[in-house]
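Here is a quick tour of one corner of a protein model, with a short stop elsewhere along the chain. Have the 3D view open as you read.

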Amino acid sequence: MKRNDVLNELYGSRFWKDVKVDFISEAKRIRTMKEQAEFLNKYSFYLLYESPMNTIKGRGLEMRKALIQGGISEDNPILNFFKIQSNIYENLNKKYDNERKEKLLNGDDNNISYTDIAEKTIKELINNIEHNDVLNISNNSKKSRELAYQKMIVLALATGRRQIEILKMLEISKKKENALYKNLAKKKESDSDSIIAPIFIDVNIAKKYLKAVKEEFSTENMTNKQVNSKYNGSISKALYRYLNDDIAKRGFHFLRAIYAESCYEKFGNGADKNIYFQKVLGHEIKINAGHSYQAKTKGE
């Protein structure tokens with residue numbers, strides 16, 4: 001079962017604001033070891049089920065804060081259950097980093113063309129949108145919402161922008177053969193909230209889709225946290241309706257990675273891949289010692 005299905009079954013809602021009410025009140029009613037065990041068993045699913053370690057660490061902190069703010073003593077042993085020990089977290093992070101390093105050192109021998117994936121998906125979804133074809137409406141959705149999901153996927157693959165940017169704040173305009181992306185969620189070292197980067201669809205189509213998405217989801221008066229809390233689950237499910245499972249299971253953020261890979265395949269021209277990715281994704285560009293030695297071999 002998917003996380004949201006488990007949460008709805010166990011707690012009647014997948015949203016923390018709803019779960020938190022019972023979470024605090026049930027914690028206050030604990031009187032015996034048996035009740036404590038039942039409480040921890042019940043809410044372990046909310047803490048741990050189908051979640052990466054970074055999310056678990058942050059969620060555990062939020063759950064501990066809720067208990068303390070709800071009147072549970074900081075000495076209460078149940079608080080320890082929702083704390084990920086630093087050494088465990090650090091060791092898992094080291095293991096993940098080592099696996100990433102190994103993958104990068106071994107290279108990519110699967111000959112995947114991310115440009116082909118992006119272009120094929122964009123073409124298919126634009127065709128769906130033009131023909132008002134939503135393929136498969138979920139029980140909790142409607143045609144306009146399903147069209148908006150498809151437009152979001154197209155925008156992510158064509159522009160590389162974040163989910164929250166597409167839903168709420170992004171502005172797009174033409175800049176020669178590229179696009180100017182304004183109101184980005186994370187600022188670069190220059191403190192600018194805009195970048196110039198490639199775009200894989202006509203800018204006017206992108207602007208039209210962006211306007212439609214914002215109107216459909218009505219996020220103008222919501223905080224970023226509220227937007228993510230309300231829509232993350234439904235968007236994740238929508239990916240499985242319009243993408244193959246191998247891509248959908250990696251989440252909306254993976255579409256941003258496909259965009260960066262596609263940009264590099266088309267326009268990288270032998271540039272350092274890490275720096276190029278940082279540039280087109282709008283990250284702060286960081287130079288390390290390895291880059292310095294690379295520059296020397298190029299006649300610095």
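Let's begin with Asn4, which sits in helix 1 (residues 3-11). Keep in mind that this is a predicted model. Is Asn4 buried or exposed? Its relative accessibility is 15%, and buried means under 20%, so Asn4 counts as buried. Leaving out residues up to four places away in sequence, Asn4 touches Arg14, Gly233 and Lys237.

Now over to helix 14, which covers residues 273-281. Its buried residues are Tyr276, Phe277, Gln278, Val280 and Leu281. An α-helix has 3.6 residues a turn, so residues three or four places apart point the same way. What do the buried residues of helix 14 pack against? They meet strand 3 (195-197) and helix 13 (253-267).

Both ends of helix 14 have something to look at. At the start, Asp272 brings a side-chain oxygen to within 3.2 Å of the backbone nitrogen of Asn274. After the helix comes Gly282, with a positive phi near 85 degrees.

Next, the packing of helix 13 on helix 14. The two helices pack at an angle of about 115 degrees, and their axes are 10 Å apart. The crossing is right-handed. On the helix 13 side, the contact is made by Arg256, Tyr259, Ala260, Glu261, Cys263, Tyr264 and Phe267. Helix 14 brings Lys273, Tyr276, Phe277, Val280 and Leu281. Sorted by class, this contact has 9 nonpolar and 3 charged residues, with no polar ones.

One of those helix 13 residues, Arg256, is worth zooming in on. With 4% relative accessibility, under the 20% cut-off, Arg256 counts as buried. Which residues does Arg256 touch, not counting those up to four places away in sequence? The list is Gly160, Arg161, Arg162, Leu281 and His283. Gly160 is 96 residues from Arg256 along the chain, yet their C-alpha atoms are separated by 4.5 Å. The side chain of Arg256 also has polar partners: the backbone oxygen of Gly160 and the side chain of His283.

Here are the polar-atom distances in one place, including the one at the start of helix 14:

| From | To | Distance |
|---|---|---|
| Arg256 side chain, polar atom | Gly160 backbone oxygen | 2.6 Å |
| Arg256 side chain | His283 side chain | 3.3 Å |
| Asp272 side-chain oxygen | Asn274 backbone nitrogen | within 3.2 Å |

To pull the threads together, Arg256 is part of the contact between helix 13 and helix 14, and Arg256 also touches Gly160, Arg161 and Arg162, among others.

Methods. Residues numbered from 1 in each chain as written. Predicted model: local features only at pLDDT ≥ 70, side-chain atom pairs only at ≥ 80, totals over all residues. Heavy atoms only, no water. Buried < 20%, exposed > 50% of the residue type's maximum accessible area, 1.4 Å probe, protein only. Helix = DSSP H or I, 4+ residues; strand = E, 2+ residues; numbered from the N terminus. Contact = heavy atoms within 4.5 Å. Polar contact = N/O pair within 3.5 Å; in protein donor to acceptor, adjacent residues only side chain to side chain. Axes fitted to C-alpha atoms, helices over the stretch in contact; angles between N-to-C directions. Left-handed = near helix turned anticlockwise from the far one by under 90°. Nonpolar A, V, L, I, M, F, W, Y, C, P; charged D, E, K, R; others polar.
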